[in-house]
Each structure stands twice: as structure tokens, then as C-alpha cells.
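Visitor: I would like a close look at a single part of this protein, with the neighbouring details worked in. Could you walk me through what stands out?

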Amino acid sequence: MLPSKVVRHKAGRFLPVILAGLILAACSGQGPQTSTVNIQGPVTASSAYYLQQAQQSSDDSKTDWQLLAIRALLKEGKYPEATQQLSQLPQQLSETQQQESLLLRAQLLISQQKTKEAEPLLAQVKTGSLSQDQLARYYSLQIASAQGRPSLSLLRTYIAQEPLLKGTDHQANIDATWQTLTQMSPQEASNLVINADENVLQGWLDLLAVWRANAQDAEMLKSGIKDWQTRYPQNPAAKTLPTQLSQMQNYTKASTSIIALLLPLNGQAQVFANAIQKGFNDAKNGVTAPVAQPAAAQPASADATASTQPAAAGSAADPISAPQQSADTTPQPQSQPQSQPAAAAPASNAQIKVYDTSSQPIEQVMQQAQQDGATIVVGPLLKSNVEKVANSQTPLNVLALNEPEKIQNHPNICYFALSPEDEARDAAHHIWDQGKRQPLLLVPRSGLGDRVTNAFAQEWQTLGGSTVMQQRFGSTSELKQGINSGAGISLSGTPVNAAPAEPQGVSIAGLTIPAPQQSTPDVVSTSSGGGVDAVYIVSTQDELQLIKPMIAMRTGSRSNISLYASSRSAQAGAGPDFRLEMDGLQFSDIPLLSGSNPGLMQQTSKSFNNDYSLVRLYAMGMDAWTLANHFNQMRQSPGFTLDGNTGKLSADTDCVINRKLTWNQYRRGEIAPAN
């Protein structure tokens, strides 16, 4: 408890008991004394109060008050003042004071993102002499120094901290432990080597296995968790489930009896809408793979709401977000394909009502869908319409097929898009996972290039990477001039000054570690001799055929710099000569075009005349059906994942669907999975 405030009395009115207290205080230099200031307990007052107490106290307790003041200053984010107070601490400290000083100095360094300097200080802490409050803070500092990187050490720290916490701090610990586990890949989790007596950790790993085996079946997951709780009754998660799993215990499936599919059925975007609608209907009808003699496709249960008004033309400023349909490329419209893969038994009895968003305002379309009894809306497709729906306060569940410029978190809206930004973020993870740390982006001088560089750089920074370099290229004719002149492409560029995603701070056990402060990098130029170890290329197939040899002109054919490309360059018709020219280059694409379902890929590619752009949108339509049928899981279960045709799908806290793509590599004229 905090001592009561010092009350000053007039001279001559001291009581005998106060005189006795002063006499005892004057003897502090003669030996260790028990201070009334508890520096091992929680901080409950302001820094101003503690500083005032330090000024009014004798040398015996002044240091204790200073230490409490420093803790309060750090809690209040007053780092310069805390630094000044730390410098004013006396050289000679008691053992208890020294341990508290180590914790405070480490906390200040971590607050300044100097985790390497903080680690030696934390190593000096004698945990056996700490109070429970100090231990909880110590573990929080260890957690903060890990910077969110999942590891066995981090898991053990969370487990050690858990018994020391109560209330919201305890739940935060459980949730953070679970988040660390789910951030590990299945291979990473299975490779963990733990001690035989680590029963709590073993329980956590088994819970992770239960979740991964049943994540897509809510009822099976509930049963699996109940069985796990029986097997591990003493595990902290058995008594207090992680929030994600607790929410899934209360999960109720969203109704999909009447689905409103909102697409532009006229205008420039019609060709895209046709591909999505075909994929959506095929998934609804249970299409999985073709047979030797395709059966007639089962008609979708669709009510198209027609309009006699003239169709509105699509706007180049409002494109759909597919990596292959950037503002500078627009495939020519085609007729709806007639041949379809064979249909299995219908996957659902849901009724699909299709609404044309090109014939009337989106507000009227949404109102009509609601009046028609729709239980969920899939669409719209155009970005401007998605923004209007997000601002409409509609009561319907909505799986938008695009992302607005600024994401709005609504409990009834999810966003699913095949965006170049999504692909760039996945590329950042793939390149990082391969151990590369100095990437260069080769992107076109266009809005597409801007979007890709910003998304890649932001994701790279969240992974812990430094400044990303960029170099822009022009038209195919410009590239040909460069290759004819023998100039090649030097691996140099300028920094991408992308605003990083808002980082999150750490606040647990009464300890607050602020979010990392991002500094603005100086404009510099990095050459191939300056450490570039990876190049991410966003180009068409024709452009890539010029760019790769131009890089080799400057770096040599045996360069150890790894080359990566987006799916933009992955098109049908690439023969063995092209594959040999691209030897060693890795590229991303959706699972459907990477061989996850060869029969369906072959039939679908034929249906769309080998236009991979439309095949990707067809796959998007199939995944949109699956996501619509898992809508509540996406919204209620953070960490929800789904193996889709467009990638491994996951929903973030704003219910934006992220995609992890498949990575392939050209090897000796063949295409093989990337290492």
C-alpha cells in the first residue's frame, strides 16, 4: 500500500510517536532497513505524485520513490523524463533496487525499439528474487523483445507468465499464446522439440492440432475442443478458452437459403462478371472435375432482375481488383462458355437471385434484394459500388467482391478481391521466408506499379524488413531499345516511401510497450553491388521475356540474386523455349492454375479459350460460394482459414480475405513447385 501523505506540523507540536519514527529513520545508514515504499508492487499513482514524494523523502526511501516515478513516467509515455530520472539514480543500490533498475532500463530500451541492447539487461535479472508483479513485467519485456516472431521460447514465456495474471491480463495472455501458435506453419509446429515434463505446452500443441483438423467444420471443432478439455483439464486454456475458440463455441451458421448475387451484366465489366457467375454456379452445383463425356450442366437457380434502362459503362477509374485486370489491360469480351465440367450432385438447395448492378443504382439493387428475402449478398464487383454498400448501413450480410480504398469494419461485411496488392503482400512473405532481406521491385510506371510497391513495402516492414527499393520500367518498345543497346537493367532503385500499417503496442500486466516508431528513410540508391538479393517483377509475359535477359546482362548468368514474378506474367501458351529462358525464376499463381485440380483446370481453361485472367475470376466465383457459406465463421472466428481455388484464404480482423498463393519455379524447361 502507498504511505499516507506527509503532513507538516508546526514546531513544538510533534507527537512522541512521530519523534520515535524520525529517530528510527535517522538510523538508516547504520544497516538495512525495511522501507515503507514497495517498489516490487504495482504502480497506482501518477509520476508527479511519486516525484513529489522523492523530493520530500530522506535518502533512505528517496531512491525507492524515484524508481516508482520512473515506472509511472514510462507508463505515461514520458521517455525523456524517465531517462533523466534513471541517470540520477545513485551508484549504490540495494539488491532489490538493482533488480528493479534492470527492469526499468530494459523497458526504456524496448520502448525505443532497442531490443538487442535490452537483452543483456534482462539476462542479468534474478527471477528468484522478483515479486509476482515484477515477474509478470519481466515476462512482458521478454515477450515485447520477441517483436511478435513466433518461437518455442516465446511460447514458454507466455506459459510462465500465465499463472501471474488475472482478469483481462490473463485473457490477453491466453489469446496471445494462441495467436503465437496459429502463426506457426504446421511444419514449424510439428518440428518443435519440447521436454517430457512440459505438459502445458504439449496441451497447447494438441489443441492446435484439434483446431487445424476441424477448423472448417464448426460442429466437429466443438466436439474436438470438448474432448481436448477432458484430456487436459489443468491446462489454462481448458479453463479459459482463447477468445477465437470461445467465439466458435457460440457459432451459428449464417443462412444462405436465398443468395443475392450482384454483378454488372452489361458494359465493360460484363466479361468479368460472366466468369465469376459461372464459377459461383458451378460451385453451388457441386462441380469438381470433368469426366470423359461431360454431362449437361445443371441450371443455376437464378432470378435475373432485368431492367429496360440503358446499361452504364464501366469506368477505368473503377476497375475490378484482379491482378490481371489492372487499369492498363482489359481483355476483350467473350461470349459465355457453353462447355462445362461435369456436375456432381447439387451442393446446396440455396436459391440464387442475380441482380444487374449496371442497370440501376446500387442502392436500389440492395433494397430490392432485401425485399426479395435475401439472407446474404455476394457482390457488388465494382469498387465504387462496394464503397456505397459499406456506407449504406445495410442489415444484410455482404461478401463484397472488391475492396474499397479505405476498409470499414462492419460486423456484417467481408471483402474478397483478387487484387495486385494482395498478391504483392503474399510475395513479401514468400521472399522473406526464403531468407532474402534486400528486395528490389521492378514494376511498370503506372497506377498498378504504385499499388504494388506500396502494398509490398508495407507488408515488408511489418515482417521486420528495412527499406524496399523500386525501379520503374516503361513500354515494351522502351525495353526492346534497352536490350538492343546492350544497356541491360542495373539492380538499383529508390526507396519506396510507403506509409506503414499502424503498428500495435503491447500492454499487459501493468506494463505498456508502445508501438514501434517508423522512421522516414533517407533517399538512397542501391546497386547490385550494394546487397540486392531478390527482385520481384510485376510485368506481362512479353515484358518478362525482355526483363530477365536484361538483368542477366548486368549481373551475369551465374548471379545468386533470386528472381520472382507475379501471376501477371503467367499466361497460357508459354512453350518450352520460354520456360528455358525463365530458368530459375519463381512465380506465384492461384492453386487452380498450379495443378491443385488438373481436370478442372484443363476443362475451365478450354472453356475460356485459355484466357488465364478469366480462369482466375472463375476460381474467384467458386471461392465466393464457399466463403458465403462460411460467412459467420469468417466474422466470428479470427484466424479462420480455408483452402480455396484462388489460394489459402484467411480473414483478418476487418474480415478482409487474404490469399496465400502457390509458388512455382521454371526448372530446365519444366514448371515445378518452388522450394
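Guide: Happy to. A salt bridge here is a side-chain nitrogen of Lys or Arg within 4 Å of a carboxyl oxygen of Asp or Glu, and buried means under 20% relative accessible area. Please keep in mind that this is a predicted model.

With those cut-offs in hand, let us start at Asp-611, which sits in the loop between helix 23 (598–607) and helix 24 (612–628). Asp-611 is buried, and yet it has no salt bridge. The nearest side chain of opposite charge belongs to Arg-616, and it is 6.6 Å away. Because a salt bridge needs a distance within 4 Å, Arg-616 at 6.6 Å does not qualify. What does the side chain of Asp-611 have beside it, then? One of its polar atoms lies 3.0 Å from the backbone nitrogen of Ser-613.

The same loop holds two more residues worth your time. Asn-609 is in the loop between helix 23 and helix 24, and Asn-610 is found there too. Most residues other than glycine have a negative phi. Asn-609, however, has a phi near 55°, a positive value, and Asn-610 has a positive phi of about 60° although it is not a glycine. As for accessibility, Asn-609 is exposed, with a relative accessible area of 59%. Asn-610 is partly exposed, at 44%. Asp-611, by contrast, is buried.

Another backbone detail is found elsewhere in the chain. Most peptide bonds are trans. The bond from Gly-379 to Pro-380 is cis, with omega near 0°. Pro-380 has its place in the loop between strand 3 (376–378) and helix 17 (383–390).

Now for the covalent link. A search of the whole structure finds one disulfide, and it joins Cys-414 to Cys-655, with the sulfurs 1.9 Å apart. Cys-414 lies in strand 5 (residues 413–415), while Cys-655 is in the loop between strand 15 (648–651) and strand 16 (657–660), so the pair ties together parts that are 241 residues apart in sequence. The torsion about the S-S bond is about 75°, so this disulfide is right-handed. Both cysteines are buried.

Aromatic rings make links of another kind. A search of the whole structure finds 15 aromatic pairs. Among them is the stacked pair of Phe-587 and Tyr-666, at 4.9 Å centre to centre with 25° between the planes. Phe-587 lies in strand 13 (residues 586–589) and Tyr-666 in strand 17 (residues 662–667), so this pair ties together parts that are 79 residues apart in sequence. Phe-587 is buried, with a relative accessible area of 6%, and Tyr-666 also counts as buried, at 5%.

Ring pairs also link Trp-432, Phe-456, Trp-460 and Tyr-536 into a cluster. One member of that cluster, Trp-432, has a charge over its ring: the charged end of Arg-437 sits there, 3.5 Å from the ring centre.

One last stop is Leu-103, in helix 5 (residues 95–111). Leu-103 is buried, with a relative accessible area of 0%. Leu-103 and Leu-122 are 19 residues apart in sequence and 7.0 Å apart in space, C-alpha to C-alpha.

Terms used:
Residues are numbered from 1 along each chain as its sequence is written. This is a predicted model: local features need pLDDT of at least 70, side-chain atom pairs count only at pLDDT 80 or more; totals for chains, interfaces and linings use all residues. Side-chain values use heavy atoms; hydrogens and water are left out. A disulfide is a pair of cysteine sulfur atoms within 2.5 Å. Helices (H or I, at least four residues) and strands (E, at least two) are DSSP runs, numbered from the N terminus. Buried means under 20% relative accessible area, exposed over 50%, partly exposed in between (1.4 Å probe, protein chains only). Lys and Arg count as positive and Asp and Glu as negative; His and the chain ends are not counted. A polar contact is a pair of N or O atoms within 3.5 Å; within protein, one must be able to donate a hydrogen and the other to accept it, and residues adjacent in sequence count only if both atoms are side-chain atoms. Rings of Phe, Tyr and Trp (its six-membered ring) pair if their centres lie within 6.5 Å; planes under 30 degrees apart count as stacked, over 60 as edge-to-face and the rest as tilted. A charge sits over a ring if NZ of Lys or CZ of Arg is within 6 Å of the ring centre and within 35 degrees of the ring normal.
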